[in-house]
Amino acid sequence: FTHLEGFGRLVSGMAPWINLAGDPTPEGRLRSRHFDLVQKSLANAVNPDAKDFMNFADGSQPLVDASFLALGLLRGPRIWNQADEATKRNVIAAFKHTRAIKPGFNNWLLFSALIESFLLHIGEEYDKMRIDYAVRQHDQWYKGDGIYGDGPEFHWDFYNSFVIQPYMRAILPIVSQADQSYKALSDKFNKIAARYAVIQERLIAPDGSYPAIGRSIAYRCGAYHHLANEARLRSLPKEIDPAQARCALGSVIKRTLSDAANFDKEGWLTIGLSGHQPNLAEEYISTGSLYLCATAFLPLGLSPNDEFWTSNPVSWTSKRIWNREDVNADGALKL
């Protein structure tokens with residue numbers, strides 16, 4: 001599974017950046033090169049006759065990472081729009097193959113729902129029930145103060161950020177456009193997502209570290225998928241200035257990726273949070289899994305002229321508090 005894991009997760013994080021048009025700057029040329037690489041990789045990944053054809057149907061894990069690939073295609077529409085017709089047919093076929101995989105009664109429901117939402121988005125036949133069941137079940141699993149359960153129970157981990165809230169953020173606008181009955185659920189989610197963004201920002205310590213709690217902690221700065229996504233969508237709550245989010249996310253990225261000990265001699269990420277720490281990994285973690293960290297870079301999809309980039313640096317909340325600044329008290333969300 002590791003090949004589709006690495007590819008799908010990288011695309012889900014890189015897509016907004018490479019979706020920007022290329023330009024003569026060094027970054028623009030780099031962006032164009034990676035756009036071309038993603039296009040070629042996508043064509044091979046879904047082509048049954050290619051040596052690089054990836055596993056979309058054997059086992060249960062392909063459901064997860066096919067959905068991350070679909071998420072990337074939603075976030076970077078140029079990738080899909082500029083794909084050739086054969087690749088488009090193969091992508092649709094690969095995604096439909098995942099319907100044979102039964103999702104777990106937890107955040108996995110959203111993987112199926114995201115794939116069906118992508119199919120709806122492109123005008124393809126889709127399964128309404130897989131979407132409806134996932135979003136309404138998560139609404140029932142809401143635990144309060146910005147947090148959904150991962151299934152019926154609350155878990156102290158980052159799955160609200162790894163998967164649940166970024167996926168709800170992608171699914172609800174698509175399904176709401178097709179069916180206005182989802183508007184109330186979308187309005188409720190917007191309040192929940194804003195509160196969770198505040199919580200995420202406040203969990204970042206002055207040095208860019210954060211609590212190493214819960215499973216999949218080896219995804220490193222992917223733990224901040226939600227905050228990065230809200231910044232990309234300009235959906236940050238009033239409590240978080242865009243420059244504050246930039247500085248906070250930058251501190252997390254540097255804390256989890258800047259040390260060379262995080263990479264092996266060939267440049268691949270090693271399993272761990274701060275260096276090579278294989279005992280932090282669950283049995284389902286492989287090298288490909290680790291590239292969920294790419295989602296922390298989602299704001300790269302914002303224009304260079306966006307205030308996220310142009311505003312003067314602003315310290316994040318914990319850094320201000322522990323530097324003895326007087327900041328506003330925090331408070332729970334009451335729906």
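Here are three short exercises on this predicted model, each with a worked solution.

Residues are numbered from 1 along each chain as its sequence is written, and side-chain values use heavy atoms, leaving out hydrogens and water. Local features need pLDDT of at least 70, side-chain atom pairs count only at pLDDT 80 or more, and totals for chains, interfaces and linings use all residues.

**Exercise 1.** Work out which residues of α2 are buried, and where they sit around the axis.

Step 1: Find helix α2, residues 26-45; helices are DSSP runs (H or I, at least four residues), numbered from the N terminus.

Step 2: Pick out the buried residues, meaning those under 20% relative accessible area with a 1.4 Å probe, protein chains only. They are G28, R31, F35, V38, Q39, L42 and A45. These cover an arc of only 135° around the axis (taken from the directions to the C-beta atoms), so they lie on the same side of α2.

Step 3: Now flip to the other side of α2, where P26, R29, R33 and K40 are exposed, that is, over 50%.

Step 4: Look at what covers the buried residues of α2: α1, α3, α4 and α5 are among the elements there.

**Exercise 2.** Is S251 buried or exposed, and what does S251 touch?

Step 1: Go to helix α11, residues 242-257, which holds S251.

Step 2: Check the relative accessible area of S251: at 10%, S251 is buried.

Step 3: Skip neighbours within four places in sequence, and the contacts (heavy atoms within 4.5 Å) of S251 are I204, D207, G208 and W316.

**Exercise 3.** Is M129 buried or exposed?

Step 1: Find M129 in helix α7, residues 128-140.

Step 2: Read off its relative accessibility of 57%, so M129 counts as exposed.

Notes: Helix = DSSP H or I, 4+ residues; strand = E, 2+ residues; numbered from the N terminus.
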